[in-house]
Amino acid sequence: MKFDYTKTSTKDFEDIQGMNIFQRAEAFQGYLDYLDNNGFLNYLLKADSGCNSEVELAETKHIKNGSYISFVCNDYLGFTQHPKIKEVVKSAIDQFGTGAGASPLIGGYFDYHKQVEDKISKFFKKPEGSTIIYTTGYTANSASLLGLLKKQDIAIVDMAVHASIYEGLTGTNSKRFLHNDTESLERILSRSQDEYQTKIVIIDGVYSQDGDIAKLKEIIEITHHYGGLILVDDAHGIGVLGKTGRGAMELFNVLDKVDIITGTFSKTFGNVGGYLVADPSIVTYLKYQSRQYAFSASAPATVLGVAKAIDLIDEEPHWQKQLWDNINYFKQGLQNIGLTIGATESAIIPVKIGDTYKNSETAKLLLENGIYTNPIMYPAVSLKDSRIRMSLMATHTKDQLDKALNVFDYISKKLELA
């Protein structure tokens, strides 16, 4: 089978009829070679320094090794490099070692797990026992939903939720409502009112591609009116939104009205893992019924850094303020150039290009000029909605932001983006 690589995407290689796994892999390699030969392979670039507002990238066919201003990291407050968190992590390793050695149920549950659970529960103003932690943010969604929802239940999800949510719905019924569309949601809820044992509406607090915020108050009110539960994945809102960094739920003063909260450690908390916060009875149930939790080795002691990160959100609020100074400055700069950034209200800033080829060229030119970004295309977004997705950090300097804006201005004129 021959492919026109100018008109294909990664999705075209998921399941090719008549090809075994080696043939599919070979066909996919052809697509990667096409991207690489044209300087469009902006994925799996090797960094030789840690997550930061500037990183050292290794040399490739198209870029030189050296420092690049980075907009690819979701470490919004810069906590992966915070010296107080590093000290806590070093001390935790000295005390507990580098691995847990077992799953939580059979010997892999340690004092540091309990500390992190309790800290998260308190952070969200919930009682002790309200939190379960996972080794990835992805499985905090997928494994929890697989454990909770069965054939007699239904999940009603915003069409823009994360892929981890969709994977968690393979064992239950599901319906999608139009993004942030309360009328679409209400139609589905009214038709599903008496058909299922459990109805759960699932949304993001902040959506990962457009950076826009859920209509939390309206969605919660409608969901509870029809007897449903509400799950909010606020991975991109925690530490960024709300007066004290409790996310979109704090921003709209609905923290006490959300039935289940999920999130990740890999963004504001500067670590690896994820969590679910719910009624303690649900959390206990998941600790025995969620297969990923019960049959995977638990997190190592490095996760104790999360507890310190939570402390610092309250102790050092200037990081959140600095982040918002950067967000507002950068957004205004992009708009002054004439670029389209959509409805973002968070630290996620998409520059919407639309045309797939121009999007790839933009990412290529950014890299060539020292700016490391993520080109996002189908199937992550719709075919005509390609964009350069950027994450702002509190640790970006004005000089770094200005350099990026100058490069965007140059590219915009060269490719006629505005």
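**Entry 1: aromatic rings**

I began with a cluster: Phe3, Tyr5, Phe13, Phe28, Tyr31 and Tyr34 form one aromatic cluster. I noted at the outset that the model is predicted. Across the structure I found 18 aromatic pairs. One of them joins Tyr5 to Tyr31. Their ring centres lie 6.1 Å apart, the planes meet at 40°, and the pair is tilted. I then looked up where the two partners sit. Tyr5 is in the segment before α1 (21-37) and Tyr31 is in helix α1. They are 26 residues apart, and the pair links distant parts of the chain.

Next I checked accessibility for both. Tyr5 has 22% relative accessibility, so I logged it as partly exposed. Tyr31 has a relative accessible area of 8%, so I logged it as buried.

I moved on to a second pair. Phe71 and Phe330 are stacked, at 5.3 Å centre to centre and 15° between the planes. Phe71 lies in the loop between β2 (66-70) and α2 (83-96), and Phe330 in helix α12 (residues 318-337), so this contact ties together parts 259 residues apart in sequence. Are Phe71 and Phe330 buried or exposed? I found both buried.

I also looked for a charge over a ring. Lys398 lies over the face of Tyr329, at 5.1 Å from the ring centre.

**Entry 2: the annotated domain**

I pulled the UniProt record, an unreviewed entry. Its annotation "domain: Aminotransferase class I/classII large" covers residues 69-407. Over residues 69-407 I get 41% helix and 16% strand. The end C-alpha atoms of that stretch are 11 Å apart.

**Entry 3: a pocket**

I took the second largest pocket. Its volume is about 290 Å³. I listed 17 lining residues; Leu229, Asp259, Ile260, Ala278 and Ile282 lie nearest the centre. Which elements give two or more residues to this lining? They are α4 (137-148) and α9 (280-289). By class, I sorted the lining into 12 nonpolar, 2 polar and 3 charged residues.

**Entry 4: cavities**

Rolling a probe the size of a water molecule over the atoms shows where empty space is left. I searched the whole structure and got 3 cavities of 30 Å³ or more.

The largest cavity holds about 110 Å³. It has 14 lining residues, with Pro104, Ile133, Tyr293, Ser298 and Ala299 nearest its centre. At least two lining residues come from each of α3 (111-123), β3 (131-134) and α10 (291-295). I counted 7 nonpolar, 6 polar and 1 charged in this lining.

The second largest cavity holds about 40 Å³. Its lining includes Leu77, Phe79, Gly239 and Trp319. Helices α11 (304-315) and α12 each supply at least two of the lining residues. The classes here are 6 nonpolar, 2 polar and 1 charged. I cross-referenced α12 to Entry 1, where Phe330 of the stacked pair sits in that helix.

**Entry 5: two single residues**

I looked up His224 in helix α7 (residues 216-225). Its relative accessibility is 35%, so it counts as partly exposed. I then took a distance to Lys84, 140 residues away along the chain. Their C-alpha atoms are separated by 42 Å.

Last came Ile371, in strand β11 (residues 371-372). Is Ile371 buried or exposed? Its relative accessibility is 0%, so I entered it as buried. Between the C-alpha atoms of Ile371 and Val272 I have 25 Å, with the two positions 99 residues apart along the chain.

Definitions and conventions. Residues numbered from 1 in each chain as written. Predicted model: local features only at pLDDT ≥ 70, side-chain atom pairs only at ≥ 80, totals over all residues. Heavy atoms only, no water. Phe/Tyr/Trp six-rings, centres within 6.5 Å; stacked < 30°, edge-to-face > 60°. Helix = DSSP H or I, 4+ residues; strand = E, 2+ residues; numbered from the N terminus. Buried < 20%, exposed > 50% of the residue type's maximum accessible area, 1.4 Å probe, protein only. Lys NZ or Arg CZ within 6 Å of the ring centre and 35° of its normal. UniProt positions renumbered as here; feature names shortened; annotations may be inferred. 1 Å grid on protein atoms, 1.4 Å probe; cavity = no way out; pocket = protein on both sides within 12 Å on 5 of 7 lines; lining within 4 Å. Points joined across faces, edges and corners; volume = space filled by probe spheres on them. Nonpolar A, V, L, I, M, F, W, Y, C, P; charged D, E, K, R; others polar.
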